[in-house]
Amino acid sequence: MASNDDCVFTRDFLDNTRINLMHHFWTKIFGYNLHPHIPCDKPGLRIADVATGTGIWLLDVHDQLKEAQLDGLDISLDAAPPGQIFPQGVNLRHWDIKDRVPEGLIGLYDIVHVRFLAFVLLNDEIPSVVAKLFTLLKPGGYIQWGEADYDTLRFDKTTPHASTTAIEDLFKLLAVQDPRLKPTWVAKLPELFAQGGFVEVEKDSQDARPHIAFLFFEASLIMHELIARKTKNENLARELKRLLPLAVEETRQGSYCTSLRYTVIGKKP
């Protein structure tokens with residue numbers, strides 16, 4: 001693992017299960033792995049999944065595009081299965097998105113995919129990351145970036161008497177502990193793409209149907225347990241462990257939180 005890996009999550013079997021479940025629900029919400037306006041019929045297609053995590057997105061794309069060369073890039077490969085597990089044409093390599101682009105990756109890819117970095121990057125880091133993703137692409141290549149917009153976070157409930165107090169307190173607690181846990185840049189991605197040189201920028205905004213939003217939230221509750229395990233802040237860990245059972249009980253009573261989710265694409269001229 002790279003020495004500068006400061007991920008707030010644990011990269012263990014629970015974390016991996018969370019990632020894989022969230023991928024499943026994300027795909028149900030949007031209905032695709034690759035945006036339908038991204039051409040995928042080019043021979044010798046080369047695709048990168050940046051911050052690949054478990055590699056689950058790559059595996060689903062491989063089922064669709066068996067002839068494509070798929071590369072998963074991440075600061076750590078601890079969340080991914082052993083390399084021998086992956087089908088032919090799917091490979092992993094270390095790369096920290098905050099580092100410069102290695103010479104061998106410059107202009108290599110037809111498509112670059114990124115997702116779930118809202119709790120990883122600081123607001124002021126996004127323009128430089130967009131520039132690096134631009135560098136990875138060939139001329140005419142496409143970027144696809146998917147995130148939940150936490151500025152649109154809302155707390156819903158299935159019955160009027162249900163409480164959302166503990167669920168709301170969980171999010172308030174995280175927001176004041178680490179600036180990465182209160183991202184404000186997601187809605188600005190189309191603008192940031194355009195500023196970074198991308199053209200034909202499009203945003204697909206989806207508000208999940210209630211049953212999917214509920215299941216997505218229930219899967220994401222795992223993250224609070226993981227942060228409590230990983231943090232060195234004893235007060236934060238103690239408060240998370242106090243609030244989480246209360247939030248779980250509120251969820252059982254029909255409360256949950258959700259937000260708008262965006263997939264943003266752009267083309268490198």
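**Reading the labels on a predicted structure**

Student: Why does Phe-116 count as partly exposed?

Tutor: Phe-116 has 26% relative accessibility. Buried would need a value under 20%, and exposed a value over 50%. Since 26% falls in between, Phe-116 counts as partly exposed. Keep in mind that this is a predicted model.

Student: Where is Phe-116 found, and what is its phi near?

Tutor: Phe-116 sits in the loop between strand E4 (109-115) and helix H3 (126-136). Its phi is near 60°, which is a positive value in a residue other than glycine. Ala-51 has a phi near 60° as well, again positive and again not in a glycine. You'll find Ala-51 in the loop between strand E1 (46-50) and helix H2 (56-64).

Student: How do you know whether Ala-51 is buried, exposed or in between?

Tutor: Run the test again: the relative accessible area of Ala-51 is 27%. That is neither under 20% nor over 50%, so Ala-51 is partly exposed.

Student: What makes Arg-154 and Asp-207 a salt bridge?

Tutor: Look at the atoms and the distance. For a salt bridge, a side-chain nitrogen of Lys or Arg has to be within 4 Å of a carboxyl oxygen of Asp or Glu. Between the side chains of Arg-154 and Asp-207, N to O is 3.1 Å, so the pair passes. Arg-154 belongs to strand E6 (residues 154-157) and Asp-207 to strand E7 (residues 199-207), so the bridge ties together parts 53 residues apart in sequence. Both ends are partly exposed, Arg-154 at 29% and Asp-207 at 37%.

Student: How many salt bridges does a search of the whole structure find?

Tutor: Twelve. Another one of them joins the side chains of Lys-267 and Glu-200, with N to O at 4.0 Å. This pair also links distant parts of the chain: Lys-267 is in strand E9 (residues 260-267) and Glu-200 in strand E7, 67 residues apart. Lys-267 is partly exposed at 24%, and Glu-200 is partly exposed at 49%.

Student: Why is Glu-200 not called exposed, given its 49%?

Tutor: Exposed means over 50%, and 49% doesn't get there, so Glu-200 stays partly exposed.

Student: What about Glu-239 and Arg-242: how far apart are their closest N and O atoms, and where do the two lie?

Tutor: Their closest N and O atoms are 2.6 Å apart, and they form a salt bridge. Both residues lie in helix H8 (residues 234-252), three residues apart, or about one turn of the helix. Salt bridges can also share partners: Lys-42, Asp-110 and Lys-138 are joined that way into one network.

Student: On to helices. Why are H4 and H7 called oblique?

Tutor: The axes of helix H4 (residues 165-177) and helix H7 (residues 222-230) cross at roughly 40° and come within 12 Å. Roughly parallel would need an angle under 35 degrees, and roughly perpendicular runs from 65 to 115. An angle of 40° fits neither, so H4 and H7 are oblique to each other. The crossing is left-handed. On the H4 side the contact is made by Leu-170, Phe-171 and Leu-174, and on the H7 side by Met-223, His-224 and Ile-227. Those residues divide into five nonpolar, one polar and no charged.

Student: And what makes H6 roughly parallel to H7?

Tutor: The axes of helix H6 (residues 210-220) and H7 cross at roughly 15° and come within 4 Å. Because 15° is under 35 degrees, H6 counts as roughly parallel to H7. Glu-218, Ala-219 and Ser-220 of H6 touch Ile-222, Met-223 and His-224 of H7. This time the split is three nonpolar, two polar and one charged.

Student: Which residues is Ile-106 in contact with, leaving aside its neighbours within four places in sequence?

Tutor: Val-101, Thr-135 and Leu-136. Contact here means heavy atoms within 4.5 Å. Ile-106 lies in the loop between strand E3 (90-94) and E4. The C-alpha atoms of Ile-106 and Leu-133 are 9.4 Å apart, with the two positions 27 residues apart in sequence terms.

Student: How do you know that Ile-106 is partly exposed?

Tutor: You can do this one by now: Ile-106 has 42% relative accessibility, which is not under 20% and not over 50%, so partly exposed is the label.

Notes
Residues numbered from 1 in each chain as written. Predicted model: local features only at pLDDT ≥ 70, side-chain atom pairs only at ≥ 80, totals over all residues. Heavy atoms only, no water. Buried < 20%, exposed > 50% of the residue type's maximum accessible area, 1.4 Å probe, protein only. Axes fitted to C-alpha atoms, helices over the stretch in contact; angles between N-to-C directions. Parallel < 35°, antiparallel > 145°, perpendicular 65-115°, else oblique. Left-handed = near helix turned anticlockwise from the far one by under 90°. Nonpolar A, V, L, I, M, F, W, Y, C, P; charged D, E, K, R; others polar.
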